[in-house]
Amino acid sequence: MTPADASRQTSDLCRLAPVIPVMVVEDADNAADLAAALVAGGLPVLEVTLRTPAALDAIRAMAEVEGGVVGAGTLLTPEDVAAAKEAGALFGVSPGATDRLLDAAEAAELPLLPGAATATEAMRLLERGYSMQKFFPAEASGGARALGALAAPLPQIAFCPTGGVTAANARDYLSLKNTLCVGGSWVTPKDMVASGNWRAIEALAAEASALHGKAPRRKLPTSR
Ligand code: 3PG
């Protein structure tokens, strides 16, 4: 898969909903219920971070949920790419990017959303063909102001900011012309997941999916 194809696919995913829930799943047994609640609330694109022993089983379980598009996050190595692919992840996300990781994702045909936090990192990825990138860690890197400032010199790159994004600041990002969607963990609070409060999670997802309408998008320039 070429980087351009990967970016086309990840940008299509980012247009499906304004928020991608980023999950650290401790218990694969309730993963399908969790995914179902998020999808029912209007958030079909889901990211399970490979940070817990349960993550790969959670991806397997969530991949069965109708209407969901499940990806693997925190991909750091070629081994992570292989494991994510084997578990049925449809896309991958990384906090950054290395040549080994990009090579592996392209060879495995796993559309990757690679991370950048600076103009130089974003330019390196663009040079390789990635016009859809994750801006991480968003709030710690200057937030919506910093991301918006990248749009002037780098209008051909679209971003999914992640890291410190919440219900309170998501709209600041979503109204930027270079932001297609945001990623965040606020829609899956630990206590609600642990107690299986799927109705509350569905309600949070519904609120997040409505952020769409409150932040009218400006048109992104056509990428090269
Ligand atoms: C992460 O690193 O877990 C994601 O970027 C989500 O960050 P958040 O918990 O600040 O939303």
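# A tour from Arg-60 to the ligand

Select Arg-60 to begin. At 33% relative accessibility, Arg-60 counts as partly exposed. Here, buried means under 20% relative accessible area, exposed means over 50%, and partly exposed lies in between, with a 1.4 Å probe and protein chains only.

This is a predicted model, in which local features need pLDDT of at least 70, side-chain atom pairs count only at pLDDT 80 or more, and totals for chains, interfaces and linings use all residues. Residues are numbered from 1 along each chain as its sequence is written, and side-chain values use heavy atoms, leaving out hydrogens and water.

**Stop 1: the partner of Arg-60**

Add Glu-86. This residue is exposed, at a relative accessible area of 57%. Arg-60 and Glu-86 form a salt bridge, with their closest N and O atoms 2.8 Å apart. The pair links distant parts of the chain: Arg-60 sits in helix H3 (residues 55-62) and Glu-86 in helix H4 (residues 78-87), 26 residues apart. A salt bridge is a side-chain nitrogen of Lys or Arg within 4 Å of a carboxyl oxygen of Asp or Glu. Helices (H or I, at least four residues) and strands (E, at least two) are DSSP runs, numbered from the N terminus.

How many salt bridges does the structure hold? There are six.

**Stop 2: a bridge inside one helix**

Go to Arg-8 and Asp-5. Their side chains meet in a salt bridge, 2.8 Å from N to O. Both residues lie in helix H1 (residues 3-14), three residues apart, or about one turn of the helix. An α-helix has 3.6 residues a turn, so residues three or four places apart point the same way. Arg-8 is partly exposed at 49% relative accessible area. Asp-5 is partly exposed too, at 31%.

**Stop 3: a charged network**

Now select Asp-103 and Arg-128. Their salt bridge spans 2.6 Å, N to O. Asp-103 lies in helix H5 (residues 99-107) and Arg-128 in helix H6 (residues 119-128), so the pair ties together parts that are 25 residues apart in sequence. Next, add Asp-99 and Glu-106: salt bridges that share partners join Asp-99, Asp-103, Glu-106 and Arg-128 into one network. Asp-103 is partly exposed, with 41% relative accessible area. Arg-128 is partly exposed at 25%.

**Stop 4: a charge without a bridge**

Move to Glu-47, in strand S2 (residues 45-49). Which side chain of opposite charge is nearest to Glu-47? It is Lys-134, 4.5 Å away. Glu-47 is buried yet has no salt bridge. For charge, Lys and Arg count as positive and Asp and Glu as negative; His and the chain ends are not counted.

Show the surroundings of Glu-47. Leaving aside neighbours within four places in sequence, Glu-47 is in contact with ten residues' worth of scenery, including Val-22, Met-23, Thr-74, Val-93 and Lys-134. Contact means heavy atoms within 4.5 Å.

**Stop 5: the loop after H4**

Select Gly-88 and Ala-89. Gly-88 is in the loop between H4 and S4. Ala-89 is found in the loop between H4 and strand S4 (92-93). Gly-88 is partly exposed at 29% relative accessibility, while Ala-89 is buried at 6%.

Sequence neighbours within four places aside, Gly-88 is in contact with Ile-59, Ala-63 and Val-70. With the same neighbours rule, the contacts of Ala-89 include Ile-59, Val-70 and Leu-110. For a distance check, pick Ala-146: its C-alpha is 31 Å from that of Ala-89, and the two are 57 residues apart along the chain.

**Stop 6: helix H2**

Colour residues 31-40, which make up helix H2. Its buried residues are Ala-31, Leu-34, Ala-35, Ala-37, Leu-38 and Val-39. Then click Gly-42, which follows H2 and has a positive phi, near 105 degrees.

**Stop 7: the ligand**

Centre on the ligand. Around it are Val-22, Arg-51, Phe-136, Thr-162, Gly-163, Gly-164, Gly-184 and Ser-185. A residue is near a molecule or strand if one of its heavy atoms lies within 4 Å of it.

Look for the polar contacts, each a pair of N or O atoms within 3.5 Å; within protein, one must be able to donate a hydrogen and the other to accept it, and residues adjacent in sequence count only if both atoms are side-chain atoms.

- Arg-51: a polar side-chain atom lies 3.0 Å from a ligand oxygen.
- Gly-163: a polar backbone atom is 3.5 Å from a ligand oxygen.
- Ser-185: a side-chain N or O atom is 2.6 Å from a ligand oxygen.

Taken alone, the ligand exposes 310 Å², and the protein buries 77% of that. Accessible areas come from the Shrake-Rupley method with a 1.4 Å probe; for residues, only the protein chains shown count as cover.
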